[in-house]
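Thanks, everyone, for making the time this morning. I would like to walk you slowly through one structure, so please have a look at it before I begin.

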There are 2 protein chains.
Amino acid sequence: MTGDGDRGDADPGGEAPERRASSEVISAVMEDYIKAIYAIERDTGERVSTSALADYLDVTAPTVSSMIKKLAERGLVDREEYKGVTLTDDGELVALEILRHHRLLESFLTEQLDYSWVDVHDEADRLEHHVSQKLSDRIAEALGNPPVDPHGDPIPDADLSLPDAGDAVRLVDAEEGDRVVVQRVRDQGDAELRYLADAGVWPGAELVVVDVAPFDMLTVETPSAEQSLPADVARLIEVEPATDDEGA
Amino acid sequence: MTGDGDRGDADPGGEAPERRASSEVISAVMEDYIKAIYAIERDTGERVSTSALADYLDVTAPTVSSMIKKLAERGLVDREEYKGVTLTDDGELVALEILRHHRLLESFLTEQLDYSWVDVHDEADRLEHHVSQKLSDRIAEALGNPPVDPHGDPIPDADLSLPDAGDAVRLVDAEEGDRVVVQRVRDQGDAELRYLADAGVWPGAELVVVDVAPFDMLTVETPSAEQSLPADVARLIEVEPATDDEGA
DNA sequence: ACATAGATTTAGACGAGTCAAATAATTGGA
DNA sequence: TCCAATTATTTGACTCGTCTAAATCTATGT
């Protein structure tokens with residue numbers, strides 16, 4: 001039968017409650033800026049400069065300058081001239097919503113459509129802007145509301161609160177001789193992730209830190225070999241001490 | 001790269017062969033025009049006029065005029081001044097690719113994410129432009145390469161050939177007293193589909209044609225009631241004679 | 001056959017998002 | 001302190017997709 005089933009289709013009329021103050025449309029491009037600001041802010045703990053954003057998004061500084069003015073007008077960022085931006089509460093909600101879409105898509109693609117965890121980022125990056133709240137909720141449900149995505153990154157739940165990420169520490173901050181389990185490999189481009197996967201670094205992998213960052217290099221021992229990782233890559237890997245019952 | 005913030009499409013791992021002559025990027029907007037031309041052409045069997053397209057897409061005639069000029073430059077349509085357009089072979093491939101994405105998405109949403117068949121069109125319309133060939137192939141595989149979508153429309157297969165649609169006839173061309181089974185309800189906006197679903201008309205439903213189009217109206221009897229349908233709606237419903245072992 | 005209603009195209013403008021070149025503010029060093 | 005180097009912003013221009021108004025083509029009816 002051709003699926004006439006109306007199941008628990010819920011909300012026929014109104015889609016979902018407003019989460020942001022202004023419900024103006026936000027373009028996919030704007031969403032990319034907001035995502036970037038969120039990521040850089042999280043990463044550096046500081047206001048995000050025009051040039052950092054330009055770098056991250058691979059556009060020129062003037063382009064960023066004009067866009068953050070628009071974002072400021074819409075109340076999504078807090079802009080101080082010549083001092084960079086931070087997200088407002090509204091802006092952060094937007095970021096969390098995109099993050100939720102992105103991470104749910106990644107989870108879905110790996111778990112239900114057999115994608116590899118290194119292969120999933122670009123697809124999610126394109127789709128995240130076009131997924132409705134309803135669809136992401138359905139995906140979450142189908143996956144049993146997972147707390148983390150395939151890279152170990154926490155997935156904001158339906159009300160956009162971010163699950164506690166645990167007390168993992170950056171690999172670069174680990175000490176020589178530590179035996180650690182990888183918790184998260186920050187979701188970057190496919191190429192970087194493929195490199196790490198080849199190096200034996202993925203969520204759940206157990207590493208021994210052999211040597212730490214003499215010249216921005218860090219060496220770890222994986223089950224199969226000894227690997228050197230650039231420190232700026234190691235910054236994006238978070239680990240917890242290995243407990244004995246966790247290795248296998 | 002810098003450009004549209006979207007379209008990373010390419011194929012990093014050499015995912016799939018080129019299907020079109022020119023592999024220039026086609027924007028989501030262009031794709032909508034091509035989809036529309038395909039639909040109107042199929043529907044009327046004639047060259048598609050500027051105004052028909054403007055109507056269909058809800059833009060003005062000059063907008064269409066300039067866009068079809070671009071489509072013609074890219075070799076996707078065959079344009080004759082003041083005489084409308086038809087798709088070239090290349091244009092038809094684009095249309096079929098979008099159609100495949102759209103119909104696979106609809107199938108997936110209904111079968112795996114519990115969407116109702118009337119509810120699925122808008123979501124698919126947004127996503128279809130951002131789904132990679134790889135993803136649609138994975139979806140097709142996960143669904144067992146279905147030949148038709150939830151509305152009964154045929155899904156182009158991986159090499160973009162359209163499965164034989166059978167010998168269904170438009171409901172409006174049926175005769176009084178015919179007992180028929182709905183094969184396809186053309187995929188229009190959610191509102192129209194909801195109306196039809198409420199009227200008891202969906203793929204697989206069995207109808208008796210009570211009265212045909214005296215004043216552009218047609219009356220059918222569904223299991224639950226007698227329903228009048230405007231002829232232009234009935235044109236979009238395709239039926240086959242009911243065989244006795246098919247009703248239940 | 002020809003005037004005219006109707007459809008189509010052309011012309012000009014605009015907002016979004018981008019860039020390069022020019023200008024302005026900030027910061028760090030002498 | 002003051003100036004040079006760095007970083008940010010402004011300016012002007014370009015593409016894309018859209019619009020309105022105006023010009024032009026087609027087709028129709030008498």
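I will speak about a sheet in chain B, then about salt bridges, and at the end about one lysine.

Please keep in mind throughout that what you see is a predicted model.

Let me begin with the sheet in chain B, which is open, has 6 strands in the order β3-β8-β4-β5-β6-β7, and pairs them in antiparallel fashion. Which strands of chain B stand at the edges? They are β3, residues 169-170, and β7, residues 226-230, and because each has a single partner strand, one side of each is left without a neighbour in the sheet. Further in, strand β5 of chain B, residues 206-211, runs antiparallel to strand β6, residues 217-221, and the two are joined by 3 bridges. If you look for Val209(B), you will find Val220(B) of β6(B) standing opposite. Across β4, β7 and β8 of chain B lies helix α7, residues 190-198, which runs at about 155 degrees to β7(B).

Now to the salt bridges, of which the structure holds 36 over all chains. In chain A, the side chains of Glu206(A) and Arg179(A) meet in one of them, at 2.2 Å from N to O. That pair links distant parts of the chain, since Glu206(A) sits in strand β5 and Arg179(A) in strand β4 of chain A, 27 residues apart. Arg179(A) is partly exposed, with a relative accessible area of 36%.

A second pair in chain A is Glu238(A) with Arg184(A), whose closest N and O atoms are 2.8 Å apart. Here strand β8 of chain A, which holds Glu238(A), is linked to strand β4, which holds Arg184(A), and the two residues are 54 residues apart. Are these two residues buried or exposed? Both Glu238(A) and Arg184(A) are buried. They also belong to a network of salt bridges, whose other members are Asp43(A), Arg170(A), Arg186(A) and Arg235(A).

In chain B, Asp43(B) and Arg235(B) form a salt bridge at 3.4 Å, N to O. Asp43(B) lies in helix α1 and Arg235(B) in the loop between α8 and β8 of chain B, 192 residues apart. Arg235(B) counts as partly exposed, at 29% relative accessibility.

Finally, the lysine: Lys35(A) lies in helix α1 of chain A, residues 28-44. Lys35(A) counts as buried because its relative accessible area is 18%, and the cut-off for that word is under 20%. Leaving aside residues up to four places away in sequence, Lys35(A) touches Ile98(A), Asp125(A) and Glu128(A).

Terms used. Residues are numbered from 1 along each chain as its sequence is written. Chains are lettered from A and ligands numbered from 1 in the order in which they are written. This is a predicted model: local features need pLDDT of at least 70, side-chain atom pairs count only at pLDDT 80 or more; totals for chains, interfaces and linings use all residues. Side-chain values use heavy atoms; hydrogens and water are left out. Helices (H or I, at least four residues) and strands (E, at least two) are DSSP runs, numbered from the N terminus. Buried means under 20% relative accessible area, exposed over 50%, partly exposed in between (1.4 Å probe, protein chains only). Contact means heavy atoms within 4.5 Å. Two strands pair if DSSP finds at least two bridges between them. Axes are lines fitted to C-alpha atoms, for helices over the stretch in contact, and angles run from 0 to 180 degrees between N-to-C directions. A salt bridge is a side-chain nitrogen of Lys or Arg within 4 Å of a carboxyl oxygen of Asp or Glu.
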